[in-house]
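Here is a short tour of one protein chain, meant to be read with the structure open beside you. Take a moment to turn the model around before reading on.

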Amino acid sequence: MEIRGPMLLPARREDIELQTIDGLTLVGELAVPHDRDPVATLVTCHPLPTAGGFMDSHIFRKAAGRLPALADLAVLRFNTRGTTSPRGTSEGAFDGGRNEAFDVAAAMDFVASRSLPNPWLVGWSFGTELVLKYGRDHAIDGAILLSPPLHRASDEDVAAWAGDPRPLVILVPEFDDYLRPDEARERFASVPAATLIAVEGGKHLWVGENQTRRVLTEIVAAVNPGALPLATEWSDATA
């Protein structure tokens with residue numbers, strides 16, 4: 001069976017709750033390999049909730065559906081404050097990326113409480129702003145940015161990563177709505193060690209199976225390259 005769309009490969013999936021330091025409960029899900037321990041952990045920060053972003057935004061939903069089985073990764077997804085998905089609604093209200101700092105911290109506290117290994121923060125669109133602004137404060141192995149708009153993250157937030165030894169991987173779609181590769185190279189020039197990958201034909205929302213596979217491949221290349229190439233067929237999947 002070809003792996004595509006919303007297919008769920010085998011994994012242990014658990015509905016979870018995160019507790020923020022300002023007293024909110026956030027809803028989420030943890031997916032881990034079905035019959036072995038994960039080798040690394042993806043902590044995902046979703047796109048802008050006021051524009052329809054949530055923990056089920058398709059790249060993250062597919063990462064959770066595929067990567068525990070294909071790449072031995074744990075995938076933690078959660079709704080930031082005030083965000084609703086089929087999993088439920090996180091308490092609080094959208095704060096434009098300010099108090100969402102507490103949401104990122106709650107996710108990282110959960111990772112520590114479960115002793116999940118080698119965490120990487122993975123932000124998409126608005127989620128990249130949270131990673132850039134707050135990711136350096138946490139015990140992560142690295143960070144991956146998908147379609148960074150650099151609206152709320154300032155040049156100072158970007159430059160602060162220059163002295164950080166942890167990898168910063170940036171995927172910029174050729175036809176992004178907000179930040180395209182040439183401008184991205186200028187905006188991230190203050191972080192010379194960052195890896196910036198221009199994705200030919202890509203768009204901000206990474207629509208289509210080819211784009212999904214490219215993004216998931218680049219994530220795995222950074223976090224667990226020994227799992228490449230990712231399988232495109234599976235004999236025991238449930239839709």
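## Aromatic pairs

How many aromatic pairs does the count come to? The answer is two aromatic pairs, in what is, please keep in mind, a predicted model. In the pair formed by Phe60 and Trp124, the ring centres are 5.8 Å apart and the planes meet at 85°, so this pair is edge-to-face. Angles over 60 degrees count as edge-to-face, and 85° falls under that heading.

Where do the two partners sit? Phe60 belongs to helix H1, residues 58-71, while Trp124 is part of strand E7, residues 119-124. The pair therefore ties together parts of the chain that are 64 residues apart in sequence. Phe60 and Trp124 are both buried.

## Helix H3 and its surroundings

Next, have a look at helix H3, which spans residues 126-134 and is mostly covered. Eight of its nine residues are buried. They are Phe126, Gly127, Thr128, Glu129, Leu130, Val131, Leu132 and Tyr134.

What do the buried residues of H3 pack against? Their partners are strand E3 (40-45), H2, E7, E8 and H4. E7 is also the strand that holds Trp124 of the edge-to-face pair.

## Ala107 in helix H2

Helix H2 is where you will find Ala107. Is Ala107 buried or exposed? With a relative accessible area of 0%, Ala107 is buried, because buried means under 20%.

Setting aside neighbours within four places in sequence, Ala107 is in contact with Leu18, Val43, Leu76 and Phe78. Thr80 makes a useful landmark here: its C-alpha lies 9.9 Å from that of Ala107, and the two residues are 27 apart in sequence.

## Two buried loop residues with polar contacts

Ser90 is placed in the loop between strand E6 (88-89) and helix H2 (100-113). Its relative accessible area is 1%, so Ser90 is buried. A polar atom of the Ser90 side chain lies 3.0 Å from the backbone nitrogen of Val27. Beyond its neighbours within four places in sequence, Ser90 is in contact with Thr25, Leu26, Val27, Asn79, Thr80, Arg81, Gly82 and Thr83.

Arg166 is the other loop residue to visit, in the stretch between H4 and E9. Its relative accessible area is 19%, and Arg166 counts as buried because the cut-off is under 20%. Which backbone atom does the side chain of Arg166 reach? It is the backbone oxygen of His138, at 2.6 Å. Not counting residues up to four places away in sequence, Arg166 touches Gly135, Arg136, His138, Ala139, Ile140, Asp141 and Gly142.

The loop between H4 and strand E9 (168-173) also holds Ala160. Ala160 is partly exposed, with a relative accessible area of 31%. The C-alpha atoms of Ala160 and Gly92 are separated by 29 Å, and these residues lie 68 apart along the chain.

## Backbone points to check

Two residues other than glycine deserve a look for their phi values. Asp72 has a phi near 60°, which is positive, and its place is in the loop between H1 and strand E4 (73-78). Asp72 is partly exposed, with a relative accessible area of 22%. Leu150 also has a positive phi, near 50°, and sits in the loop between strand E8 (142-146) and helix H4 (155-159). Leu150 is buried, at a relative accessible area of 6%.

Which peptide bond is cis? The bond from Leu228 to Pro229 is cis, with omega near -5°. Pro229 is placed in the segment after helix H6 (209-223).

## The largest pocket

Rolling a water-sized probe over the atoms shows where empty space remains. The largest pocket has a volume of about 300 Å³. It is lined by 18 residues, of which Pro47, Ala51, Ser125, His204 and Leu205 are the closest to its centre.

How does the lining of the largest pocket divide into nonpolar, polar and charged residues? Eight are nonpolar, seven are polar and three are charged.

Methods
Residues numbered from 1 in each chain as written. Predicted model: local features only at pLDDT ≥ 70, side-chain atom pairs only at ≥ 80, totals over all residues. Heavy atoms only, no water. Helix = DSSP H or I, 4+ residues; strand = E, 2+ residues; numbered from the N terminus. Buried < 20%, exposed > 50% of the residue type's maximum accessible area, 1.4 Å probe, protein only. Polar contact = N/O pair within 3.5 Å; in protein donor to acceptor, adjacent residues only side chain to side chain. Contact = heavy atoms within 4.5 Å. Phe/Tyr/Trp six-rings, centres within 6.5 Å; stacked < 30°, edge-to-face > 60°. 1 Å grid on protein atoms, 1.4 Å probe; cavity = no way out; pocket = protein on both sides within 12 Å on 5 of 7 lines; lining within 4 Å. Points joined across faces, edges and corners; volume = space filled by probe spheres on them. Nonpolar A, V, L, I, M, F, W, Y, C, P; charged D, E, K, R; others polar.
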